[in-house]
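Q: Please take a close look at one loop residue and what lies around it. Then follow the links outward, in short steps, for someone new to protein structure.

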Amino acid sequence: MSRIGRLPIGIPGSVQVSVNKGVVEVRGPKGKLQLQIHPTIRVGVGDGKVVCERPTDQRSHRALHGLTRALIANMIRGVTEGFQKKLELSGVGYRAAVQGQVLTLSLGYTNPVVYVLPPDIQATVEHQTLITLSGIDRQLVGAVAAKLRSLRLPEPYKGKGVKYVDERIRRKAGKAGAKA
């Protein structure tokens, strides 16, 4: 058995989970999410728990078993608590501003970068250099954060760029060999 897949997922009182024709739907106080599951994996709901089962011990079935369980657990957590990613801008003149669903970033390019956020993602900007992305879909929050980070990757010499708040940039020394 998969160590992750065999664990039942507890359903909080404010969340409703239903399974219809291979689609798991989770409704909660923050919204609703749907997931199309693989046809070989069976998902059962009962007794305030969600249980995933696989047909055989094949490697692909074991992988899908744990994956499906983790995705459903993330959906339940998303509709109750939500997910957040924080990005930090470091560099002279690097700043961000949000207006509705439009995020405007000054990242040292000639023109500001205008990024339109997906409808399910909310962004807040604190002191012009800290962006907080939040939403109920963990995959979407992570994808938007990765896209924003890719607009100006942190570089190792001066540390300038867009980085996650908990990310540590390994710094490199500059040209030290020129004086020899």
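A: The answer begins at one lysine and then moves on to its neighbours, the salt bridges, the cores and two loop residues.

This is a predicted model, in which local features need pLDDT of at least 70 and side-chain atom pairs count only at pLDDT 80 or more, while totals for chains, interfaces and linings use all residues. Residues are numbered from 1 along each chain as its sequence is written, and side-chain values use heavy atoms, with hydrogens and water left out.

Start with Lys160. Lys160 sits in the loop between α2 (138-150) and β13 (161-164). Such labels come from DSSP runs, numbered from the N terminus: helices are H or I with at least four residues, strands are E with at least two. Lys160 counts as partly exposed because its relative accessible area is 31%. The scale is simple: buried means under 20% relative accessible area, exposed means over 50%, and partly exposed lies in between (1.4 Å probe, protein chains only).

What does Lys160 touch? Leaving out residues up to four places away in sequence, its contacts are Ser90, Gly91, Tyr94, Leu153, Pro154 and Glu155. A contact means heavy atoms within 4.5 Å. Gly108 gives another view of the fold here. Gly108 and Lys160 are 52 residues apart in sequence, yet 9.8 Å apart in space, C-alpha to C-alpha.

Now take Ser90 from that contact list. Ser90 belongs to strand β7. At a relative accessible area of 19%, Ser90 is buried. Its contacts beyond four places in sequence are Gly159, Lys160 and Gly161. With Gly159 there is also a polar contact: a polar atom of the Ser90 side chain lies 2.9 Å from the backbone oxygen of Gly159. A polar contact is a pair of N or O atoms within 3.5 Å; within protein, one must be able to donate a hydrogen and the other to accept it, and residues adjacent in sequence count only if both atoms are side-chain atoms.

Strand β7 has another link to β13. The side chains of Glu88 and Lys163 form a salt bridge, at 3.4 Å from N to O. Glu88 is in β7 (residues 83-90) and Lys163 in β13, so the pair ties together parts that are 75 residues apart in sequence. A salt bridge is a side-chain nitrogen of Lys or Arg within 4 Å of a carboxyl oxygen of Asp or Glu. Are these two partners buried or exposed? Glu88 is partly exposed at 28% relative accessible area, and Lys163 is buried at 13%.

The structure holds six salt bridges. Another one joins Arg149 and Glu167, with the closest N and O atoms 2.6 Å apart. Arg149 is in helix α2 and Glu167 in the segment after β13, so this pair ties together parts 18 residues apart in sequence. Arg42 and Glu53 also meet in a salt bridge, at 3.2 Å. Arg42 is in β5 (residues 42-46), Glu53 in β6 (residues 49-53), 11 residues apart.

Charges also meet rings. Lys85 lies over the face of Tyr164, 5.3 Å from the ring centre. Arg152 does so with Tyr109, at 4.2 Å. The rule asks for NZ of Lys or CZ of Arg within 6 Å of the ring centre and within 35 degrees of the ring normal.

Next comes the inside. The largest nonpolar core has 21 residues, and those touching the most other members are Leu87, Leu89, Leu105, Leu107, Ile131, Leu133 and Leu148. The elements giving two or more residues to this core are β7, β9 (102-106), β10 (113-116), β12 (130-135), α2 and β13. Its largest share, four residues, comes from α2. A nonpolar core is a set of buried Ala, Val, Leu, Ile, Met, Phe, Trp, Tyr and Cys residues joined through side-chain atoms within 4.5 Å. Look at Leu133: beyond four places in sequence, its contacts include Phe83, Leu87, Val141 and Leu148. A second, separate core of 17 residues includes Val17, Ile37, Ile72 and Ile76.

Finish with two loop residues. Most residues other than glycine have a negative phi. Lys21 has a positive phi of about 50 degrees. Lys21 is in the loop between β2 (16-20) and β3 (23-28), and is exposed at 85% relative accessibility. His127 also has a positive phi, about 40 degrees. His127 is in the loop between β11 (122-126) and β12, and is exposed at 65%.
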